[in-house]
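Visitor: I am new to this structure and should like to learn how its features are read. May we go through them one at a time?

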Amino acid sequence: MNAGIVVAALVTLLALVAPSARLVVARRRALADPPPAQGEPELLEVAFLLGGRGRAVDTVIAGMCDDGRISVSDSGRLTVERAAAHNAVERALLGRCSADWSISLRRVRTSLQFDAAVDALEGALVRRGMLVSPQVKQDWQRAADVQVGGLVLTGVGVVALIVMPAAGVPALAVLALLAGGIVLRVRCRPTGPKVQPTPRGKAFTDRIRTKGPWSVRASGAHPEGVAGVVAVHGAGAPEPDLPFLVQLRKAASSNAGVSSGHSLAKTPSRKSSKSSKASKSSYAASSSASSCSSSSGYGCSSTSSCSSHSGHSGHSSCSSSSCSSGSSSSCGGGSSCGS
């Protein structure tokens, strides 16, 4: 066996083994069970854990529609009926409404997913040990990408060994390792949705979907009503079906192409573009009048509420609010869930 065959085999193996080992370590780190955390997830945290940002926003909208604080028309227009907010995500929703307290349901559903208040839900789940942190998952994805590069180099090396005289056995050995690397890539790649539960989070979601009062689909029997059924099972699950849920599903369907970045939905027509500009200026006026702002670094008690003057004049004020800075707190749905 000449030196060229040995060098080619060693380089090929190094290109495969090192990235594969890094991928295994990154996966193990991402799925490691973290130290125990106190308390159960709250309503909006449950929604985020089971369905991501969209599910959390759907839960907020369903809850506010159910108790009459907002309404949704047959044309998909969201209107504020009573400007009261119980958590940071609800305040963020009200802040997106224009001076006439009205906005497209599709638009508010899209933009609200990337609000800082929704980011805080993700942070709370990471601290509870139920969600893989974005940084850890990014490292996992990077390791998977590097391993793919190693597989490509190994494939090139196998071809080079095959064309070399008397390199049959080393070529077959490297080919077998290449096949093993491909299997490893399939088994160890970052999986599924953008929200990646830890083993503890996965056990919680499996339990809450199938056991206890939170697993029911009848909104009258659920501890959190329609919002609770949407949080666990999605907007298509509550029984009986309600008109605002139909509009919510339509909005979710039209936003299906929205990317994971801070991108908006379809480009509006000229007519809607003009109304959009007017809406932006009205939104600036209404948001400056509100003294409650959403932030991922704030934890707000369930007693804080925003009340508006009659006639939906667009001048809102916050009464009996207790907002304090605290990185470890989060705004959930106001109640914790157990099974």
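Guide: Let us begin with a term: a residue counts as buried when its relative accessible area is under 20%. Please keep in mind that this is a predicted model.

Visitor: By that cut-off, is Gly54 buried or exposed?

Guide: Gly54 has a relative accessible area of 12%, and because buried means under 20%, Gly54 is buried. This residue belongs to helix α2, which covers residues 43-66.

Visitor: Which residues is Gly54 in contact with, leaving aside its neighbours within four places in sequence?

Guide: With those neighbours set aside, Gly54 touches Arg109 and Gln113. Separation along the chain and separation in space are two separate readings. Gly54 and Ala252 lie 198 residues apart in sequence, yet their C-alpha atoms are 7.9 Å apart in space.

Visitor: How are the axes of α2 and α8 placed with respect to each other?

Guide: Angles of 65 to 115 degrees count as roughly perpendicular. The axes of α2 and helix α8 (residues 199-210) cross at roughly 100 degrees and come within 11 Å; the two helices are therefore roughly perpendicular to each other. On the α2 side, the contact is made by Val46, Leu49 and Leu50, and α8 contributes Gly201, Phe204, Thr205, Ile208 and Arg209. By character, the residues of this contact divide into five nonpolar, two polar and one charged.

Visitor: How should I read a sheet?

Guide: In general, strands of a sheet pair through backbone hydrogen bonds, either parallel or antiparallel. Here an open sheet of three strands has the order β1-β2-β3, and the pairing is antiparallel. At its edges stand β1 (70-72) and β3 (102-104); each has a single partner strand, so one side of each lacks a neighbour in the sheet. On average, neighbouring strands are turned by 25 degrees against each other, direction ignored.

Visitor: How many bridges join β2 to β3?

Guide: Three bridges join β2 (residues 77-80) to β3. Arg77, for example, has Ser104 in β3 as its bridge partner. Helix α4 (residues 105-112) lies across β1, β2 and β3, running at about 80 degrees to β3.

Visitor: Where is Gln147 placed, and why does it count as buried?

Guide: Gln147 sits in helix α6 (residues 134-163). Its relative accessibility is 0%, and therefore Gln147 counts as buried. The side chains of Gln147 and Ser20 are joined by a polar contact of 3.1 Å. Beyond its neighbours within four places in sequence, Gln147 is in contact with residues including Pro19, Leu23, Gly181 and Leu184.

Conventions
Residues numbered from 1 in each chain as written. Predicted model: local features only at pLDDT ≥ 70, side-chain atom pairs only at ≥ 80, totals over all residues. Heavy atoms only, no water. Helix = DSSP H or I, 4+ residues; strand = E, 2+ residues; numbered from the N terminus. Buried < 20%, exposed > 50% of the residue type's maximum accessible area, 1.4 Å probe, protein only. Polar contact = N/O pair within 3.5 Å; in protein donor to acceptor, adjacent residues only side chain to side chain. Contact = heavy atoms within 4.5 Å. Axes fitted to C-alpha atoms, helices over the stretch in contact; angles between N-to-C directions. Parallel < 35°, antiparallel > 145°, perpendicular 65-115°, else oblique. Nonpolar A, V, L, I, M, F, W, Y, C, P; charged D, E, K, R; others polar. Pairing = 2+ DSSP bridges.
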